[in-house]
Amino acid sequence: MLPLPLPDPGSPPLSSPARLLGWQAWRQRSVIVRAVSAGSVSLLAAAAAPLLLGRAVDSGLAAGFGTELLLWCGLMLVSGAAIVVAGVLSHTFDVENWLRASFSFTTLVGEKATRAGHAVTQKLPTGEVVAAVANDALRAGDMFAMSGRFVGGVLAYVAAAGYLVSQDVVLGLVVALGIPLVAAALALLVRPLQRRQQDHRESVGRLTALGADTVSGLRILRGIGGEDVFSARYARQSQEVRRRGVRVAGVQSVLDGLQVLLPGLLGALVLWLGARAVVRGDLSAGELVTFYGYTAFLAWPVQMATQMLQASTNAVVSARKILGVLRITEATPPSAAPTEAPPSGSELVDRASGLVVPAGRVQALVCADPDVSAAVATRLGRFDDDAEAVTPVTLGGVPLAELDKETLRHRVVVSEATPHLFSGILGEELDARGRASEAELTAAILAADAQDVLDSVPGGLSGELPEKGRSLSGGQRQRVALARALLTDPEILVLVEPTSAVDAHTEARIAERVAEVRRGRTTLVVTASPLVLDHVDEAVLLSVDGRVVARGTHAELLGRPDEHGVRYRAVVGRSMAEPAPDAAADAEAPAAGGAGPALEGATR
């Protein structure tokens with residue numbers, strides 16, 4: 001059994017939907033060949049059934065019950081067995097084709113979204129990306145699932161038409177030309193169907209994005225009384241989706257009706273011509289039975305052809321949507337020829353600000369404008385090469401953009417100010433790299449002072465976190481994110497405002513424990529809290545224009561008589577006077593999975 005998804009999704013061509021689908025077909029060519037082989041055997045055996053039946057009828061009428069009749073009956077039995085066995089294999093390979101293609105496209109979109117980072121949401125709504133995985137990848141796979149039966153249907157049609165032409169030229173030509181004419185008539189509806197499907201698909205993506213935004217901001221909407229406005233907006237977009245869906249269904253229903261009507265009319269014509277040929281003595285009774293059987297049978301390949309046409313149309317539309325995601329330029333593309341990584345213990349330097357993060361020390365970055373210090377810290381993790389081109393950062397003298405990204409991600413970890421948690425088992429959510437023992441998980445929780453999270457999540461480390469950790473308070477989410485960052489155990493750890501949503505007592509415990517855990521390890525903490533600054537080896541003061549203007553211990557900077565000392569004391573003093581910004585969020589009572597603390601603190 002082949003595991004899915006495949007470990008390497010490959011590098012697809014991005015020039016057109018047809019090339020993308022062709023590329024995927026080549027990657028799974030072995031499965032397609034097996035599906036085509038089984039489908040061809042199954043349908044050719046089915047195509048042989050009317051011929052064998054006609055021969056059996058002629059044999060019975062000519063010689064009665066005897067050896068020849070039994071022979072034809074035996075061949076019909078063999079044909080039936082071949083239909084069953086090959087049909088089972090054909091269905092198996094069809095499903096495998098669908099799974100291989102769907103999972104490959106899903107993996108491609110997922111990996112692109114992972115690598116591209118924030119560039120995805122800048123170019124496309126979240127709903128578009130979600131729909132590419134949940135809808136488009138599956139619809140593109142339908143074409144591959146149909147491939148075996150489609151080829152088998154074509155071969156069966158050619159074989160049956162060839163036999164009919166050999167028996168009666170006029171009748172054979174009616175069948176040979178009538179089937180393509182029927183298919184061509186059906187194809188006229190494909191282009192309007194494709195346009196309407198495209199419009200419907202885009203409206204569904206907008207509806208998904210609107211629903212996701214509304215649900216994620218529901219608490220804010222309730223606070224400002226905007227539920228009714230957004231509910232009405234969602235209802236209008238939902239009706240637009242319904243209206244466009246009805247337009248698609250109108251064309252689709254005509255197409256479905258015609259694929260029954262047109263082959264039926266052709267079958268009636270073939271049967272009428274065949275009956276006249278029997279009356280003239282040009283055909284035998286058994287051959288008339290064969291012609292009648294093929295009249296019914298040939299509707300099957302035509303139906304498969306129309307289904308393949310529909311599946312291909314849907315696949316092209318879906319492939320176009322998938323390409324919309326895959327064509328997004330990654331914020332940090334992998335280096336074609338990455339430079340050899342510098343040795344462990346190398347300094348991390350931000351040239352634009354003059355910040356030097358020394359190896360083996362716990363350092364704090366302080367600024368009157370927290371956005372400025374956060375921006376400096378964030379670019380230390382290489383999240384956007386284009387935006388950071390004018391503010392280069394080096395590790396051991398090597399620009400981050402020239403290093404292997406995978407290696408850099410393991411050596412430098414930036415934990416941003418806004419914690420983002422994922423749904424799933426708490427222990428797995430904490431252990432992002434999948435290597436921590438239970439003892440290490442517990443130690444990280446203790447360092448982040450997040451023991452109360454274990455009590456608020458039923459099952460503790462084995463308990464389930466809901467989407468975005470909404471059962472936790474704001475302070476709890478921040479501390480879980482801090483524990484997760486500590487568990488990555490990187491060479492260089494950058495923490496942006498890791499204690500901004502907790503009260504002073506909790507912050508003091510976290511500051512002491514994190515400093516102890518990271519003692520001797522390169523660590524940068526963006527903060528203006530004196531409770532944290534008391535425990536760092538060095539504090540660096542950043543001006544509001546993003547330049548390092550002073551450095552020293554917390555006590556040294558507090559005691560400086562110059563203007564930098566005045567600025568430092570002003571920033572730290574203001575931090576002491578400000579209320580905890582997330583006190584209101586912590587007061588929110590979670591609805592499920594246990595309640596967090598009603599209030600983590602009103603002041604630092």
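The legends below describe close-up views of a predicted model.

**View 1. Helix H3 packs against helix H5.**
Helix H3 covers residues 67-116, and helix H5 covers residues 126-167. Their axes are 7 Å apart and make an angle of about 150°. Angles over 145 degrees count as roughly antiparallel, and H3 and H5 are therefore roughly antiparallel to each other. The crossing of H3 with H5 is right-handed. Sorted by class, the residues of this contact are 13 nonpolar, 7 polar and 3 charged.

**View 2. Helix H5 packs against helix H6.**
Helix H6 is made of residues 169-187. The axes of H5 and H6 lie 5 Å apart, at an angle of about 155°. That angle makes H5 roughly antiparallel to H6. H5 and H6 cross in a left-handed sense. One residue of H6 is Val-175. Val-175 has a relative accessible area of 2% and is therefore buried. Between the C-alpha atoms of Val-175 and Asn-314 there is a separation of 29 Å, and along the chain these two residues are 139 residues apart.

**View 3. Helix H5 packs against helix H11.**
Helix H11 runs over residues 299-326. It packs with H5 at an angle of about 150°, and the two axes are 7 Å apart. H5 and H11 are therefore roughly antiparallel to each other. Their crossing is left-handed. In the contact of H5 with H11 there are 15 nonpolar residues, 6 polar ones and 6 charged ones.

**View 4. Tyr-163 and Tyr-294 form a tilted aromatic pair.**
The whole structure contains 3 aromatic pairs. In the pair of Tyr-163 and Tyr-294, the ring centres are 6.1 Å apart. The planes of these two rings meet at 50°, so the pair is tilted. Tyr-163 belongs to helix H5, whereas Tyr-294 belongs to helix H10, residues 285-297. With their positions 131 residues apart in the numbering, the pair links distant parts of the chain. Tyr-163 and Tyr-294 are both buried.

**View 5. Tyr-294 also pairs with Phe-297.**
The rings of Tyr-294 and Phe-297 are arranged edge-to-face. Their centres are 6.3 Å from each other, and the angle between the planes is 70°. Both residues are in helix H10 and lie 3 residues apart, which means that about one helical turn separates them. Tyr-294 is buried, as is Phe-297. A single aromatic cluster joins Tyr-163, Tyr-294, Phe-297 and Trp-300.

**View 6. Arg-29 sits over the ring of Trp-26.**
Arg-29 lies over the face of Trp-26. The distance from the ring centre is 4.0 Å. Residue 29 is also where helix H2, residues 29-63, begins.

**View 7. Gly-39 and Gly-148 lie 5.1 Å apart in space.**
Gly-39 is part of helix H2. Its relative accessible area is 1%, so Gly-39 is buried. Along the sequence, Gly-39 and Gly-148 are 109 residues apart. The distance of 5.1 Å is taken from C-alpha to C-alpha.

**View 8. Asp-449 has a positive phi.**
Asp-449 is not a glycine, yet its phi is about 55°. This residue is found in the loop between helix H15, residues 438-447, and helix H16, residues 451-456. Asp-449 has a relative accessible area of 8% and is therefore buried.

**View 9. Asp-489 has a positive phi.**
The phi of Asp-489 is near 50°, and Asp-489 is a residue other than glycine. Asp-489 is placed in the loop between helix H17, residues 474-487, and strand S9, residues 492-496. The relative accessibility of Asp-489 is 42%, so Asp-489 counts as partly exposed.

How values were computed:
Residues are numbered from 1 along each chain as its sequence is written. This is a predicted model: local features need pLDDT of at least 70, side-chain atom pairs count only at pLDDT 80 or more; totals for chains, interfaces and linings use all residues. Side-chain values use heavy atoms; hydrogens and water are left out. Axes are lines fitted to C-alpha atoms, for helices over the stretch in contact, and angles run from 0 to 180 degrees between N-to-C directions. Helices (H or I, at least four residues) and strands (E, at least two) are DSSP runs, numbered from the N terminus. Angles under 35 degrees count as roughly parallel, over 145 as roughly antiparallel, 65 to 115 as roughly perpendicular and the rest as oblique. A crossing is left-handed if the near helix is turned anticlockwise from the far one by less than a right angle, and right-handed if clockwise. Ala, Val, Leu, Ile, Met, Phe, Trp, Tyr, Cys and Pro count as nonpolar, Asp, Glu, Lys and Arg as charged, and the others, Gly among them, as polar. Rings of Phe, Tyr and Trp (its six-membered ring) pair if their centres lie within 6.5 Å; planes under 30 degrees apart count as stacked, over 60 as edge-to-face and the rest as tilted. Buried means under 20% relative accessible area, exposed over 50%, partly exposed in between (1.4 Å probe, protein chains only). A charge sits over a ring if NZ of Lys or CZ of Arg is within 6 Å of the ring centre and within 35 degrees of the ring normal.
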